[in-house]
Amino acid sequence: QVHLVESGGGSVQPGGSLRLTCTASGRTFDPSFMAWFRSTPRNDRDFLAAVSWYTDSTYFAEDAKGRFTISKDKSKNQVYLQIDNLKPEDTAVYYCNGRVGATILYPWGQGTRVTVAT
């Protein structure tokens, strides 16, 4: 079974930056894409960005274009989300997961909390 661990969250002031890390483990880890999501007040998760595991292709939700950058390090089974110019509305718990189309591939991790406030 694949195990996902998100890290790098914290409390930052508006305008700051964070780099979140997702580390995957497990013998069956072989995603088509790895993606980042964040929690919503509706208690679900909004898609933010995805990166192909085998190419350099990246995809972003419309709201995530410009301030979010996704990258990966296959040698470490890690995926990163750089968030710049953080805004209070970015406050959420951030999660990663494998994704094929709309299908989520692995059990959710615990996420990493980002709080943006003065």
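In what sense, and over how many bridges, do strand 3 and strand 8 pair? In this predicted model, strand 3 and strand 8 pair in the antiparallel sense over 6 bridges, and the sections below begin from that pairing before turning to rings, charges and a loop.

## Strand pairing around strands 3 and 8

Within the pairing of strand 3 with strand 8, Thr-21 stands opposite Tyr-80 of strand 8. Strand 8, which covers residues 78-83, has 5 of its 6 residues buried, so this strand is largely enclosed by the rest of the structure. Strand 8 also pairs with strand 7, again in the antiparallel sense and over 6 bridges, and here the bridge partner of Thr-69 is Gln-82 in strand 8. Strand 7 and strand 8 form a hairpin with 4 residues between them, and in its turn Asn-77 has a positive phi of about 55 degrees.

Strand 3 has a further partner in strand 1, with which it pairs in the antiparallel sense over 5 bridges; Glu-6 stands opposite Cys-22 of strand 3. In a regular strand the side chains alternate between the two faces of the sheet. Strand 1 (residues 3-7) shows such alternation, with Leu-4 and Glu-6 pointing to one face and buried, while His-3, Val-5 and Ser-7 point to the other face and are not buried.

## Aromatic pairs

The structure holds 6 aromatic pairs. One of them joins Phe-29 and Trp-53, whose ring centres are 5.2 Å apart and whose planes stand at 80 degrees, so the pair is edge-to-face. Because Phe-29 lies in the loop between strand 3 (18-25) and strand 4 (33-39), and Trp-53 in the loop between strand 5 (45-52) and strand 6, the pair ties together parts that are 24 residues apart in sequence. Both Phe-29 and Trp-53 are buried.

Tyr-95 and Trp-108 also form an edge-to-face pair, with 5.8 Å from centre to centre and 80 degrees between the planes. This pair links distant parts of the chain, 13 residues apart, since Tyr-95 belongs to strand 9 (residues 92-100) and Trp-108 to the loop between strand 10 (103-104) and strand 11 (112-116). Tyr-95 counts as buried at 12% relative accessibility, whereas Trp-108, at 31%, counts as partly exposed. Tyr-95 and Trp-108 form one aromatic cluster together with Phe-37 and Phe-47.

## Arginines over rings

A ring of that cluster, Phe-47, has the charged end of Arg-99 sitting over it, 4.2 Å from the ring centre. In addition, Arg-19 lies over the face of Tyr-80, at 3.9 Å from the ring centre, and Tyr-80 is the residue of strand 8 that stands opposite Thr-21.

## The loop between strands 6 and 7

Arg-67 is placed in the loop between strand 6 (58-60) and strand 7 (68-73), and with a relative accessible area of 15% this residue is buried, because the cut-off for that class is under 20%. The side chain of Arg-67 is joined to that of Asp-90 by a polar contact of 2.7 Å. Leaving aside neighbours within four places in sequence, Arg-67 is in contact with Gln-82, Ile-83, Asp-84, Asn-85, Leu-86, Lys-87 and Asp-90; among them, Gln-82 is the bridge partner of Thr-69.

Gly-66 has its place in the loop between strand 6 and strand 7, but at 76% relative accessibility Gly-66 counts as exposed. Gly-66 and Asn-85 are 19 residues apart in sequence, and their C-alpha atoms are 9.7 Å apart in space.

Terms used
Residues are numbered from 1 along each chain as its sequence is written. This is a predicted model: local features need pLDDT of at least 70, side-chain atom pairs count only at pLDDT 80 or more; totals for chains, interfaces and linings use all residues. Side-chain values use heavy atoms; hydrogens and water are left out. Helices (H or I, at least four residues) and strands (E, at least two) are DSSP runs, numbered from the N terminus. Buried means under 20% relative accessible area, exposed over 50%, partly exposed in between (1.4 Å probe, protein chains only). A polar contact is a pair of N or O atoms within 3.5 Å; within protein, one must be able to donate a hydrogen and the other to accept it, and residues adjacent in sequence count only if both atoms are side-chain atoms. Contact means heavy atoms within 4.5 Å. Rings of Phe, Tyr and Trp (its six-membered ring) pair if their centres lie within 6.5 Å; planes under 30 degrees apart count as stacked, over 60 as edge-to-face and the rest as tilted. A charge sits over a ring if NZ of Lys or CZ of Arg is within 6 Å of the ring centre and within 35 degrees of the ring normal. Two strands pair if DSSP finds at least two bridges between them.
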